[in-house]
Amino acid sequence: MLWVKAFHLIFVISWFAGLFYLPRLFVNQAMATEPVEIARLNLMAGKLYRFMTPIAALALIFGIWTWAYYDFYIGPGWVWMHIKLTLVAFLIAYHAWCGKIYRDFAAGKNARSHVWYRVFNEVPVLVLVAVVILVIVKPF
């Protein structure tokens with residue numbers, strides 16, 4: 001089981017690296033004016049999104065495997081797990097939203113400013129802080 005937990009953590013860390021960097025590419029894309037720069041940033045964003053999607057799937061698979069080891073327990077004293085799973089669902093939606101944003105940039109349909117993307121870029125940081133506290137401290 002320790003191997004499963006280790007792989008879960010490895011893939012979660014890798015997924016978050018992508019969730020931190022992809023929106024930063026969106027900031028740069030929103031500021032770019034040169035066609036070559038726009039094309040390069042879009043290529044980078046596309047490759048990163050295609051790379052991080054299977055990593056996200058592996059993080060989820062190993063997370064579910066870990067949870068299954070505990071018989072999917074969600075009873076008393078596991079409120080923290082309910083909150084964590086809600087945040088994970090939110091991250092999956094955020095990941096999908098990043099895919100839509102990438103496709104919008106690729107189609108030349110971006111309607112948001114670099115400032116909006118700077119704020120959007122901070123969302124996974126806040127979720128990470130909450131999830132780590134929930135898992136380690138288990139305040140509920």
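How much area does the chain expose, and what share of it do carbon and sulfur atoms supply? In this model, which I should say at once is predicted, the chain exposes about 8400 Å², and carbon and sulfur atoms supply 74% of that area.

Let me begin with the overall picture, before we turn to single residues. The chain is made up of five helices and zero strands, so that, reading from the N terminus on, the order of elements is simply α-α-α-α-α. If you follow the C-alpha trace along its principal axes, you will find that it spans about 55 × 25 × 20 Å. Of the 140 residues in the chain, 36% count as buried. When we take the contacts between residues at least 6 apart in sequence, 76% of them join residues that are at least 24 apart.

Now to the charges. The chain carries 12 positive and 5 negative charges, and the mean positions of these two groups are 4 Å apart. Side chains of opposite charge can pair when their charged atoms come close. How many salt bridges does a search of the whole structure find? It finds one, and the partners are aspartate 104 and lysine 100, whose closest N and O atoms are 2.8 Å apart. That distance counts as a salt bridge because the cut-off for such a pair is 4 Å. Both residues belong to helix 3, which covers residues 79–106, and because they are four residues apart in that helix, about one helical turn separates them. Lysine 100 itself is partly exposed, with a relative accessible area of 41%.

Please keep helix 3 in view, since lysine 84 has its place there too. Is lysine 84 buried or exposed? With a relative accessible area of 16%, lysine 84 is buried, because the cut-off for that word is under 20%. Leaving aside residues up to four places away in sequence, lysine 84 touches His8, Val131, Leu134 and Val135.

Finally, let us look at the surface further along the chain. Here Val125, Val129, Val132, Ile133, Ile136 and Val137 form a nonpolar patch, and together these residues have about 510 Å² of accessible area. One member of the patch, isoleucine 136, lies in helix 5, which covers residues 123–137. With a relative accessible area of 64%, isoleucine 136 is exposed, because that word applies over 50%.

To close, I would ask you to find two places on the model: the salt bridge between aspartate 104 and lysine 100, and the nonpolar patch that includes isoleucine 136.

Methods: Residues numbered from 1 in each chain as written. Predicted model: local features only at pLDDT ≥ 70, side-chain atom pairs only at ≥ 80, totals over all residues. Heavy atoms only, no water. Salt bridge = Lys/Arg side-chain N within 4 Å of Asp/Glu carboxyl O. Helix = DSSP H or I, 4+ residues; strand = E, 2+ residues; numbered from the N terminus. Buried < 20%, exposed > 50% of the residue type's maximum accessible area, 1.4 Å probe, protein only. Contact = heavy atoms within 4.5 Å. Areas by Shrake-Rupley, 256 points an atom, 1.4 Å probe, with all protein chains shown as cover. Lys, Arg positive; Asp, Glu negative; His and termini not counted. Charge placed at Lys NZ, Arg CZ, Asp CG, Glu CD. Patch = residues over 30% accessible without salt bridge, like charges linked within 9 Å, V, L, I, M, F, W, Y side chains within 5 Å.
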